Amino acid sequence: MSTLNGKTILVTGAAQGIGRGIALRLAADGARIALVDIKADKLAEVQKEIEALGHKATTFVADVSKRADVYAAIDHAEQALGGFDVMINNAGISQVQPLADVTEAELERIFRINVDSVVWGIQAAAKKFQARKQGGKIINASSIAGHDGFALLGVYSATKFAVRALTQAAAKEYASSGITVNAYCPGIVGTDMWVEIDERFAELTGAPKGATYEKYVSGIALGRAQTPEDVAALVSFLAGKDSDYITGQAILTDGGIVYR
């Protein structure tokens, strides 16, 4: 029997890509899933996929960069699914830009989505766990770019380093409440985000479309690009009972790119 049976898990950025992959895996493992994203139509599609597998899901449209939206999403998850056990702060965006060209608006936007949302998710989830007088798990999306700073991805890397710092600090602050806080650090995942990254690299460097993606994939020790399912497997472990004695960690799942 899965250790996720009967658990209520909220996944932000669940409408596509890694978030969708995580939601489908956790549902297959027996959890009830609250799907949160800004894209209502795609959320509804993922909900149908989960329900077609015989599992329970609910959707909530939210802008996770807004504190009130995150708190409301967690309240909805608890009310709609009858509990609240795991928070997965997955939502995020990329940004490919030379540091010399980063604008105030670009800096503010990516930090609000990639960092502010994690602060609100940690805050709101911990308060809900404490109000319910139970422990819980908070799982954040970092990246290989949270371990190494990458050229033309400097600000994106900074946001993912920030997620690692928040993960460590939150793990220390909430341990006494029985709350663990960890992060997963994917590498080169074949999703729409990497299509956008590759296209932007092509614009900036003159490389043919697809060349940057292939260059990064060719450097993976295990010899292939990562899938959302690869990431979801680690998240499933972090969400389950077998990871109860792990906290404050940002675990690399990249097929062999960054070594720590």
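According to UniProt, in an unreviewed entry, residues 7-187 carry the feature "domain: Ketoreductase". The structure discussed here is a predicted model. In it, the end C-alpha atoms of residues 7-187 lie 28 Å apart. Helix accounts for 49% of this span and strand for 19%.

A suitable place to start is strand β1, which comprises residues 8-12. Five of the five residues of β1 are buried, so the strand is largely enclosed by the rest of the structure. The side chains divide between two directions: Thr-8, Leu-10 and Thr-12 point one way from β1, while Ile-9 and Val-11 point the other way. Both sets are buried.

The pairing of β1 may be considered next. With strand β2, residues 32-37, β1 pairs in the parallel sense over five bridges. Within β2, Val-36 is the bridge partner of Thr-12. The chain passes from β1 to β2 by way of helix α1, residues 17-28, and the resulting β-α-β crossover is right-handed. Strand β1 also pairs with strand β4, residues 86-89, again in the parallel sense, through three bridges. Here Val-11 has Ile-88 of β4 as its bridge partner.

Attention now turns to the annotated site. The unreviewed UniProt entry assigns the annotation "active site" to Tyr-156. This residue is found in helix α5, which covers residues 154-174. Is Tyr-156 buried or exposed? Its relative accessible area is 11%, and a residue counts as buried under 20%; Tyr-156 is therefore buried. Leaving aside residues up to four places away in sequence, Tyr-156 touches Ile-93, Ser-94, Gln-95, Ile-110, Asn-114, Ser-143, Ala-145 and Met-193.

Helix α7, residues 211-218, offers a case in which burial can be followed around a helix axis. The buried residues of α7 are Thr-212, Tyr-216 and Val-217. Viewed down the axis of α7, these buried residues fall within an arc of 130°, so they line one face of the helix. The exposed residues Lys-215 and Ser-218 are carried on the face of α7 that is turned away from the buried side. As for what covers the buried residues of α7, helix α6, spanning 192-205, is included in that cover.

Technical notes
Residues are numbered from 1 along each chain as its sequence is written. This is a predicted model: local features need pLDDT of at least 70, side-chain atom pairs count only at pLDDT 80 or more; totals for chains, interfaces and linings use all residues. Side-chain values use heavy atoms; hydrogens and water are left out. Buried means under 20% relative accessible area, exposed over 50%, partly exposed in between (1.4 Å probe, protein chains only). Helices (H or I, at least four residues) and strands (E, at least two) are DSSP runs, numbered from the N terminus. Two strands pair if DSSP finds at least two bridges between them. A crossover is right-handed if, with the strands pointing away from the viewer, the path from the first strand over the helix to the second runs clockwise. The arc is that of the directions from the helix axis to the C-beta atoms. Contact means heavy atoms within 4.5 Å. UniProt positions are given in the numbering used here, feature names are shortened, and annotations may be inferred rather than shown by experiment.
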